[in-house]
Amino acid sequence: MSILTPRSSADDSATSPKAVDVLGVGIHPLTVDQLHKELTRLIDTGVHAEVLHVNVYGLNLASENPWLRNYFNQAEIVVCDGAGIMLGARILGQYIPERITYADWMWQLAEFAATHGYSFYFLGAKPGVAQAAADRMIARYPDLKIVGVRDGYFNKSDGHPENEAVLNDINNAQPNILIIGMGMPVQEQWLHDNWGRIDANIALTGGAVFDYASGELQRAPAWMTNNGLEWLGRLLIEPRRLWQRYIIGNPAFLVRVMRERLHRL
């Protein structure tokens with residue numbers, strides 16, 4: 001039984017974190033070790049499951065797009081990807097133990113998969129980037145199984161030959177873990193439209209995961225990433241692309257959280 005499901009036993013409930021509600025999205029308060037145990041359970045029991053990450057930007061999008069909020073809430077697991085989510089949960093009287101961000105977690109996930117013999121399929125990013133990420137990971141973990149790599153630049157329309165070719169390639173590879181890095185909400189929309197036809201145990205949405213893993217995208221200094229300021233570091237690195245997300249989006253998120261707190265009171 002999932003550690004995410006309420007149980008009748010008092011002993012079990014102590015180790016069974018339930019999803020916490022942040023702006024209408026249920027987020028599971030998991031540590032990396034707990035998440036890895038859940039992935040093992042899902043894969044070993046053959047469950048066809050979506051494991052989604054959400055950050056402040058994602059919750060802002062979900063607040064404006066009911067379909068995205070509903071999509072997050074139907075997933076098997078939704079993981080906190082950002083200090084802003086932890087802060088929002090705390091303001092609302094909830095607790096999330098840690099953020100699980102792909103820039104760090106992808107390497108932990110690779111070691112976990114290599115140890116357990118689980119296979120990856122990488123889908124997303126610009127041409128060559130996901131392959132570069134795969135090469136770097138295999139160099140560090142030679143036993144890692146990466147059974148397919150495709151960039152995210154294809155026509156994603158339902159029934160289009162390019163989209164059908166991607167689906168066929170994934171299904172021929174039959175990965176345990178499909179990682180999709182197309183950015184929000186494109187990756188969520190694509191997975192929503194196609195998951196029922198995909199032969200993989202688990203799908204993960206990872207945003208810029210391949211850009212980080214390949215070394216293509218610079219990361220903020222450790223003093224920023226370790227102190228809740230990764231958003232500021234990313235803004236300084238990519239100001240043209242990200243200014244609206246952070247300069248406008250972060251205050252908007254806090255306003256939404258404070259309104260929700262007042263509503264609950």
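This report describes the overall build of one chain and then three places where its backbone takes a noteworthy form.

The model is predicted, and its chain contains 13 helices together with eight strands. With 265 residues, a compact globule would be expected to have a radius of gyration near 18 Å, and the chain agrees with this, having 18 Å. Along the principal axes, the C-alpha trace extends over about 50 × 50 × 40 Å. Half of the picture is interior, in that 50% of the 265 residues count as buried, while among contacts with a separation of 6 or more, 71% come from residues 24 or more positions apart.

Turning to the surface, the chain exposes about 12500 Å², of which carbon and sulfur atoms supply 50%. Its side chains include 23 positive and 28 negative ones, and the centres of these two sets are 7 Å apart.

The backbone details fall in loops. The peptide bond that runs from methionine 184 to proline 185 is cis, its omega being near -5°, and proline 185 belongs to the loop that joins β7 (177-181) to α9 (186-194). Two residues other than glycine have a positive phi, as listed here.

| Residue | Phi | Loop |
|---|---|---|
| Alanine 125 | about 70° | between β5 (119-124) and α7 (129-140) |
| Glutamine 174 | near 50° | between α8 (161-173) and β7 |

Alanine 125 has a relative accessible area of 11%, which is under the 20% limit, and therefore this residue counts as buried.

Key: Residues numbered from 1 in each chain as written. Predicted model: local features only at pLDDT ≥ 70, side-chain atom pairs only at ≥ 80, totals over all residues. Heavy atoms only, no water. Helix = DSSP H or I, 4+ residues; strand = E, 2+ residues; numbered from the N terminus. Rg over C-alpha atoms; globule rule 2.2 N^0.38 Å. Buried < 20%, exposed > 50% of the residue type's maximum accessible area, 1.4 Å probe, protein only. Contact = heavy atoms within 4.5 Å. Areas by Shrake-Rupley, 256 points an atom, 1.4 Å probe, with all protein chains shown as cover. Lys, Arg positive; Asp, Glu negative; His and termini not counted. Charge placed at Lys NZ, Arg CZ, Asp CG, Glu CD.
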